[in-house]
Amino acid sequence: MAPTTLRTWRSALLPGRVFAPSPAAAPAADIAAIDIAVYRDLADAELAWRRLEDLAPRSVYQRLDWIGPWTKHAGAAQGVVPTVVVGRHDGEAIFLLPFGRRWCNLGRVVNWLGGSHVNINLGLF
């Protein structure tokens, strides 16, 4: 039996869809060679987000098309400010962590964007 890889797993779940090799399947990058950027506006992280949406297995709740409206409506009503962390290696996005920050009684709190409305709290890799 052939070893199960992320690529074969995705192909089994989504037949007929062609996947490019995932950055996660590449050899481990030197940690010093990873550039980290923090964005306070979803539009600034959109290019990396869309690229990783195409490469990474994800839930509908991780898509920018869902998180964007949530941030503008439910998130804004709760005082949530987007804080998106994007990691890049050789200029290519290799991970994205969609956080939101807000103030509460004890101080600043950082949570995943989507709050209690999502069933998965993960980044894109």
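In this predicted model, residues 24 or more positions apart account for 58% of the contacts in the protein that have a separation of 6 or more. Of the 125 residues of the protein, 34% count as buried. The protein has three helices and four strands, and from the N terminus on its elements follow one another as α-β-α-α-β-β-β.

## The sheet

The four strands make up an open sheet in the order β1-β2-β3-β4, and their pairing is antiparallel. At the edges stand β1 (34-39) and β4 (107-112), each of which pairs on one side only. From one strand to the next, the twist averages 25°. As general background, strands of a sheet pair through backbone hydrogen bonds, either parallel or antiparallel.

The pairing of β3 with β4 can be followed residue by residue. Strand β3, residues 92-104, pairs with β4 in the antiparallel sense over six bridges, and a hairpin of two residues joins β3 to β4. Cys104 has Gly107 in β4 as its bridge partner, while Trp103 stands opposite Arg108 in β4.

The loop between β2 and β3 contains Asp90, whose phi is near 55°, a positive value in a residue other than glycine. Most residues other than glycine have a negative phi. Asp90 counts as exposed because its relative accessibility is 68%, and the cut-off for exposed is over 50%.

## Helices α2 and α3

Helix α2, which comprises residues 42-55, lies across β1, β2 (81-89) and β3, and it runs at about 135° to β3. Helix α3 comprises residues 64-77, and its length can be checked against expectation: at 1.5 Å a residue, its 14 residues should span 20 Å, and because its end C-alpha atoms are 19 Å apart, the two values agree. The helix nevertheless bends by about 45° at Thr71.

Thr71 is also one of the buried residues of α3, a group made up of Leu64, Ile67, Gly68, Trp70, Thr71 and Gly75. What covers these buried residues of α3 includes α2 and β2. In general, an α-helix has 3.6 residues a turn, so residues three or four places apart point the same way. Just after α3, Gly79 takes a positive phi of about 80°.

## Glu53, Gln62 and Leu122

Three residues from separate parts of the chain are set side by side here, with their places and their relative accessibility.

| Residue | Place | Relative accessibility | Class |
|---|---|---|---|
| Glu53 | helix α2 | 3% | buried |
| Gln62 | loop between α2 and α3 | 6% | buried |
| Leu122 | segment after β4 | 45% | partly exposed |

The classes follow from the cut-offs, because buried means under 20% relative accessible area and partly exposed lies between that value and the 50% above which a residue is exposed. Glu53, at 3%, is therefore buried, and Gln62, at 6%, is buried as well, whereas Leu122, at 45%, is partly exposed.

Which backbone atom does the side chain of Glu53 reach? The side chain of Glu53 comes to 2.5 Å from the backbone nitrogen of Leu64, and Leu64 is itself among the buried residues of α3. When residues up to four places away in sequence are not counted, Glu53 touches Arg58, Gln62, Arg63, Leu64, Asp65 and Leu124.

Gln62, one of those contacts of Glu53, has a polar side-chain atom that lies 3.0 Å from the backbone oxygen of Gly123. With its neighbours within four places in sequence left aside, Gln62 is in contact with Trp49, Glu53, Pro57, Ile120, Leu122, Gly123 and Leu124. The loop between α2 and α3, where Gln62 lies, thus has a residue in contact with Leu122, and Leu122 is found in the segment after β4.

Leu122, for its part, is in contact with Gln62, Pro98 and Trp112, again leaving aside its neighbours within four places in sequence. The C-alpha atoms of Leu122 and Arg58 are separated by 8.8 Å, although the two residues are 64 residues apart along the chain. Arg58 is in turn among the residues that Glu53 touches.

Terms used. Residues numbered from 1 in each chain as written. Predicted model: local features only at pLDDT ≥ 70, side-chain atom pairs only at ≥ 80, totals over all residues. Heavy atoms only, no water. Pairing = 2+ DSSP bridges. Axes fitted to C-alpha atoms, helices over the stretch in contact; angles between N-to-C directions. Contact = heavy atoms within 4.5 Å. Expected span 1.5 Å × (residues − 1). Bend = angle between axes of the 7 residues up to and from the residue. Buried < 20%, exposed > 50% of the residue type's maximum accessible area, 1.4 Å probe, protein only. Polar contact = N/O pair within 3.5 Å; in protein donor to acceptor, adjacent residues only side chain to side chain.
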